[in-house]
Every structure is written in structure tokens, then in C-alpha cells.
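Let's take a walk through this structure together, one piece at a time. Keep the view open beside the text and turn it as you read.

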Amino acid sequence: MDKEKKKQFLKIFRIVVIILLLYAIFKGVLGILILSILILLSLSMSYIVNIYGLRQFGLELVTLVGVLAGVKYGPLPAFILTFVLITYHLLAGGFFAQYVFWVIPSYSIAGALAGFFSGIDIAILGLYLTLGINITNTFFTAITSPGYLFKYLPFAITNVIFNAILFATIAKPLSLLMI
């Protein structure tokens, strides 16, 4: 990791630690521990996806973490946390193009929406929000960069599949542990 990426990582890490400390003050310790582990896994996955050239695949834990945070801690903490995580994910992956203007908001809003619709089954909620993120991103990609659409579609398809598996298998057990 070069010096600039290390600086970016440390800044984001500090922000996440501050957020987690605030959560720990106001919420249960077990939930914070699980959320902390998921955040670290999300940050690690972003780094690994970049190092091993897996950017074309929709492998990310930001959606899962954002939805869990929304359901357990509400819209605002989820919005902030998802914003930080997706921004890091894009920075770690070297994504610096116009699509950050719709990718970052679409993920952040999905995290907040999870807080507003926390009464819905988390597997269904996660799937709908994953679809919403990918439909939004596909729409804006098609409008602004039609030539890039066919490069983006494999990411979108694998992202929906990956998140559907996560939400169908581990989201509910994790949410039950996050007391």
C-alpha cells in the first residue's frame, strides 16, 4: 500500500473508530463487537479486491454492514457508516470517476432506508436494497457512460447474487446477535 493510500486508510479508520466509540456508549457491546468485525472485514475485502484484481466482480460487504447498521442503530448512523465504507471501498479500488456521484449516495441512502424500514424481514430488505442500489447505478451508468454499461453489468449481476446469498444466510443470525 503506497503512502497516500495508507493516509486515506488511517483517516477512514479513525472515523470508523470514533463512530464505533459513540455506538458503544449508547448501544450494546455485543452488537458493537459484531459491527466492528464486519467493518474490518468490509475494509479488508475492499483492499483484497483491489490487490487481486477482482474489481469486475460485485464483492463488497458495504451493503450488508449498512443494512445491519440501519436495522439496529437507525437511519443516521447507518447513512454515515455506509458513506464512510463505500467511500473507502471506492478509494481502495482506485475508482475515481464520475460514477462516485451516484454510487456513494445510492449506498448511503440504502443504509438509511434500512433504518426506516427496520420492521421488514432483513433478508427481504437487504435484497430489495441491493436491487435498488444496482438498478440506480446501472441507470446512471447507462445515461452518462453507455459504453461502460457492458463492463458494469457483470459487477451488478455478481453483486446482486453475492448480497442475496449473504442476506439469505447470515444477515438474520447476525442481526439477532447484535443486541
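Let's begin with a helix you can check with a ruler. Helix α5 has 17 residues, and at 1.5 Å a residue it should span 24 Å; its end C-alpha atoms are 24 Å apart, so the two agree. Keep in mind that this is a predicted model.

Now look at how α5 sits among the other helices. Its buried residues are W102, V103, I104, S106, Y107, S108, A110, G111, A112, A114 and G115. What lies over them? The cover includes α3, α4, α6 and α7.

Two of those buried residues are worth a stop. S106 lies in α5, and its relative accessible area is 10%, which is why it counts as buried: the cut-off is under 20%. Once you set aside residues up to four places away in sequence, S106 touches I133, T136 and N137. G111 is also in α5, and at 2% relative accessibility it counts as buried. Leaving out residues up to four places away in sequence, G111 touches G66, G70, A78, F79 and T82. You can also find P77 from here: G111 and P77 are 34 residues apart in sequence, but their C-alpha atoms are 8.6 Å apart in space.

Next comes α4, and the ruler works here as well. With 18 residues at 1.5 Å each, α4 should span 26 Å; its end C-alpha atoms are 25 Å apart, which agrees. Buried residues in α4 include A78, L81, T82, V84, L85 and I86, and the list carries on with T87, Y88, H89, L90, L91 and A92. Just after α4, G94 takes a positive phi of about 75°. Follow the chain into the loop between α4 and α5 and you'll meet A97. Is A97 buried or exposed? At 32% relative accessibility, it counts as partly exposed. A97 and E60 are 37 residues apart along the chain, and 19 Å separates their C-alpha atoms.

Time to step back and look at the nonpolar core. Which residues of the largest core touch the most other members? Of its 46 residues, they are L35, I39, L64 and V67. The helices α1 (3-26), α2 (29-51), α3 (62-73), α4 (75-92), α5 (100-116), α6 (122-144) and α7 (149-177) each supply at least two residues of this core. The most comes from α4, which gives 9 residues.

Zoom in on L35 for a moment. You'll find L35 in helix α2, and it is buried because its relative accessible area is 0%, where the cut-off is under 20%. The C-alpha atoms of L35 and Q8 are 21 Å apart, with their positions 27 residues apart along the chain.

Helix α6 gives us two more residues to try. T138 is found there, and a polar atom of the T138 side chain lies 2.7 Å from the backbone oxygen of N134. Leaving aside neighbours within four places in sequence, T138 is in contact with L149, Y152, L153 and A156. F140 is also found in α6, and at 34% relative accessibility it counts as partly exposed. Which residues does F140 contact, apart from neighbours within four places in sequence? They are W102 and S145. W102 is 38 residues away from F140 along the chain, yet their C-alpha atoms are separated by 7.2 Å.

Finally, let's look at the empty space. Rolling a probe the size of a water molecule over the atoms shows where such space is left. The largest pocket has a volume of about 300 Å³. Its lining is made of 16 residues, and F95, Y99, Y148, Y152 and F155 lie nearest its centre. Helices α4, α5, α6 and α7 each supply at least two residues of that lining.

There are also closed spaces inside the model. How many cavities of 30 Å³ or more are there? The count comes to 3. The second largest cavity has a volume of about 40 Å³, and V49, R55, F57, L59, H89, G93, F95 and F155 line it. Notice two names you've met before: F95 and F155 are among the residues nearest the centre of the largest pocket, and they also help line this second largest cavity.

Note on methods
Residues numbered from 1 in each chain as written. Predicted model: local features only at pLDDT ≥ 70, side-chain atom pairs only at ≥ 80, totals over all residues. Heavy atoms only, no water. Core = buried A, V, L, I, M, F, W, Y, C linked by side-chain atoms within 4.5 Å. Buried < 20%, exposed > 50% of the residue type's maximum accessible area, 1.4 Å probe, protein only. Helix = DSSP H or I, 4+ residues; strand = E, 2+ residues; numbered from the N terminus. Polar contact = N/O pair within 3.5 Å; in protein donor to acceptor, adjacent residues only side chain to side chain. Contact = heavy atoms within 4.5 Å. Expected span 1.5 Å × (residues − 1). 1 Å grid on protein atoms, 1.4 Å probe; cavity = no way out; pocket = protein on both sides within 12 Å on 5 of 7 lines; lining within 4 Å. Points joined across faces, edges and corners; volume = space filled by probe spheres on them.
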